[in-house]
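The following note is offered to a colleague who meets this structure for the first time. The points may be read alongside the sequence and the coordinates.

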Amino acid sequence: MSGAWGPIESDNVAAHPMLRVPRILAPFLALALLHCRAAPPPPARHLVLVTIDTLRADRLGAYGSSSVETPNLDALARDGARALDASVQVPLTRPSHVSLLTGLYPAEHGIRDNVSPALREDVPTLAERLKSEGFATAGFVSSVVLSKQSGLARGFDTFSDQFDVGGGDERPLDAVQRRGDLPTAEAIAWIETRRDSREFVWLHLYDPHDPFEPPEPYASRYADRPYDGEVSWSDELVGRLDAALARLGMRDQTLLVVTSDHGEGLGEHGEEFHGYFVYESTLAVPLLLRGPGIVPGLQLRATVRSVDLAPTVLDLLSVPLKTTAHMSGRSLAATLRGGPEPPSEATYAESLTPLLHYGWSDLRSLRDGRFKYILAPRPELFDLREDPGETRNLIDSSPVQAAALHGALTRRLAAEGSASESAPAAAAVPPEMLEQLGALGYIGAGGAGLTVKTGADPKDKLEDYRAINILMREGLTRLREKDPGGAAARFQGLLARGVDSFEVRYYLARAFFDQRRPREAAPQFEAAIARLPVFGKAWVNLAICYAALGDTSRALETLKKGQAANPKDPQILEAEATLLRDLKRPRQAIAAYEAALPLAPKNALLRVKLGEMYRDAREPEKAIRLLREAVDINPKPAQFWNSLGMVLGANDQVADAEAAFREAVTRDPRKAQYAYNLGLVLLRLERRNEALALFGRALELDSGFAPARSRLAELGQRP
Ligand SMILES: [Zn+2]
């Protein structure tokens, strides 16, 4: 981390010509300059903002690293400006990005945690401001933490957060994040669709975030340092984007900004990742800016905070802040254009993770240039100039500095109000989001339902924190890798450590459930529901447990209670419908399916199931309407077309049935049943030879497919 506060010489202040002119001559020179100096360059027309998640400043050549190859970022620093001391407000992806994109502190924008409701509608964003100025806007994000649910999509014409989130609880980690080449390619493709308007592109790369698995050649090149490999790979991606700007002739008109939302512990202070402590290993980030008017090679020495980014780029784009909007950061545009360094301002950071997820104390820090104070049950003071690694606590030996920073920090916190008042209400987070975050291991051990607050110092709880996170990660991995016994042992270990949260109860229940132990699973689902009643899947699984134990009335009663707690959740109604169908109560099942339909307008499978219920109830018109809706919503699954063909055929709509079966055969040519069904309908259309060929094909696909064999025999053919 050294370098950021070291005596790095910056020559641009002294180099600025106006500063060397004797004062008395200045007015004359200024007059003369009016006549002979070219007009200042026009402001940047476009803004391209790249946030590389989890990027430590000290991994870049431009920040003194000699062991990681970052040629593109280093070139950016040469052609533009670098902030030597850029610092984030919170070392967590969502709240930090919200500060970057609003110019507000976490207490002001309200996002304190990755698990939080969407950003409030009344908080203006950078994208909204630029869109209102006529910019075409596009955002491309790579983590589910920044998906539309975050509220950060507001103001973007195009917002790409497509993650494959299908497939139930054990979806792989990779499914909720994506490798950076995909969003980079999307961003380039968007830029290539040239518009006349000004453009704002936000590209978020998640690659340096764990797991550290860089692609080749970086995997081999950095075999023992995979984090550094991810950094080098991300540098390549920035290079691709920048090359596209050059190729399209946009580079000279574009303000390109690269920064990060936080660093990474990598073992410093015992922290492997980020989001727990507020040491510089996770607060210091790079900040590079290149564009019209920015002095090439400039090294900004003043502390630049995340909240300064939005006002600075608006200024560089000559877009005024709206008078109604407030940003807490300050613009550094004048300095970037060659003006004097601004007066120093303190930077504030917080970590509420220990409080919100574990019931321990939160951490707050204030750094005024050289000295940094961390408010905790055992407070800390560091002299970053002498001790950039924050290894020597000066709280007792430097009482004056400590008192000054402590006073400033407590005044700030008094103005902010209680943190617990603005603590994220997990109940307001969409359940599917909770589950995705859980799959990432983000919720850790807490989230909703935390009841015991001990106020312990996070420094004293580091071993607990690590052990809990290891158990949580291992538990989720075992669950995903179909080792529910191993998973159950981990989650029981968490309970034994006193971590009793929704996630622990829910995943322990899932582990029992997957072992077909409904008697043990049911009370754990009950406990999970008691902590978070808005998670529909817990109700559904609990009902399945009761049904498996033979208590169907309790299962139905559970689903009714779940519906009362989650009136907009179609999956509980669907589960009720399925149970009623299995109980041979088709009319009630149909009623439940019908109630679920309007809640799930895009659910094709639900329509297929209800359509098949109507088919069996001899109401073919309703069945056909629903199955047609299903294939309109999702035409890909062959079995949907097959179901449609069967109902049409039974209803004597033979030509339509042929078309539907043909779709099924085209979409899945390997399924004997579909070929056979198409053969049957062709036989009814008296196209015997075509039918015979299809029966033969069905047998080729599946030699044991008896219906085709007997049909051929009936038709006098030897199969
Ligand atoms: Zn992050």
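1. Strand 10 (residues 347–351) and strand 11 (residues 363–368) are joined by five bridges and pair in the antiparallel sense. Helices (H or I, at least four residues) and strands (E, at least two) are DSSP runs, numbered from the N terminus, and two strands pair if DSSP finds at least two bridges between them. In this pairing, S351 stands opposite L363 in strand 11.

2. The model is a predicted one, in which local features need pLDDT of at least 70 and side-chain atom pairs count only at pLDDT 80 or more, while totals for chains, interfaces and linings use all residues. Residues are numbered from 1 along each chain as its sequence is written.

3. Confidence should be considered next. The pLDDT (the predictor's confidence in each residue, from 0 to 100) has a mean of 88 over the protein chain, and 87% of the residues reach 70 or more. Over residues 164–175 the pLDDT is below 50, and this stretch has 16 contacts in the model beyond near neighbours in sequence; two residues are in contact if their C-beta atoms, placed from the backbone, lie within 7 Å. The pLDDT is also below 50 over residues 444–451, a stretch with 33 contacts beyond near neighbours in sequence.

4. As to the chain overall, the protein has 30 helices and 13 strands. Of its 719 residues, 50% are buried. A residue is buried if 20 or more other C-beta atoms lie within 10 Å of its own, exposed if 12 or fewer, and partly exposed in between, with C-beta atoms placed from the backbone. Among contacts between residues at least 6 apart in sequence, 61% join residues at least 24 apart.

5. Strand 10 belongs to an open sheet of four strands in the order 10-11-12-13, with antiparallel pairing. Strand 10 and strand 13 (380–383) stand at the edges with a single partner strand each, so one side of each has no neighbour in the sheet. On average, and with direction ignored, neighbouring strands of this sheet are turned by 15° against each other; axes are lines fitted to C-alpha atoms, for helices over the stretch in contact, and angles run from 0 to 180 degrees between N-to-C directions. Strand 11 and strand 12 (residues 371–375) also pair in the antiparallel sense, over five bridges, and R367 stands opposite K372 in strand 12.

6. Is strand 10 covered or uncovered? Strand 10 is mostly covered, with five of its five residues buried. T347, A349 and S351 point one way, whereas Y348 and E350 point the other way. Helix 14 (residues 399–416) lies across strand 10, strand 11, strand 12 and strand 13, and runs at about 55° to strand 12.

7. Strand 1 is likewise to be examined. Seven of the seven residues of strand 1 are buried: H46, V48, V50 and I52 lie on one side, and L47, L49 and T51 on the other. Strand 1 pairs in the parallel sense with strand 6 (residues 254–259) over six bridges, and H46 stands opposite T254 there. A parallel pairing over six bridges also links strand 1 to strand 5 (residues 199–205), where W202 is the bridge partner of L49.

8. Which elements does helix 4 pack against? Its buried residues pack against strand 1 (46–52), helix 5 (106–109), helix 6 (126–132) and helix 11 (306–316). Ten of the ten residues of helix 4 (residues 93–102) are buried, so helix 4 is largely enclosed by the rest of the structure. Among these buried residues are R94, H97 and L101. G103, with a positive phi near 75°, follows helix 4.

9. The axes of helix 7 (residues 181–192) and helix 9 (residues 226–247) come within 10 Å and cross at roughly 10°. Helix 7 and helix 9 are therefore roughly parallel to each other; angles under 35 degrees count as roughly parallel, over 145 as roughly antiparallel, 65 to 115 as roughly perpendicular and the rest as oblique. D181, T184, A187, I188 and I191 in helix 7 meet L237, R240, L241 and A244 in helix 9.

10. R505 is found in helix 18 (residues 502–514). With 25 C-beta neighbours inside 10 Å, R505 counts as buried. R505 touches Q524, A527, A528 and R531, leaving aside residues up to four places away in sequence. R505 and A527 are 22 residues apart in sequence and, C-alpha to C-alpha, 6.3 Å apart in space.
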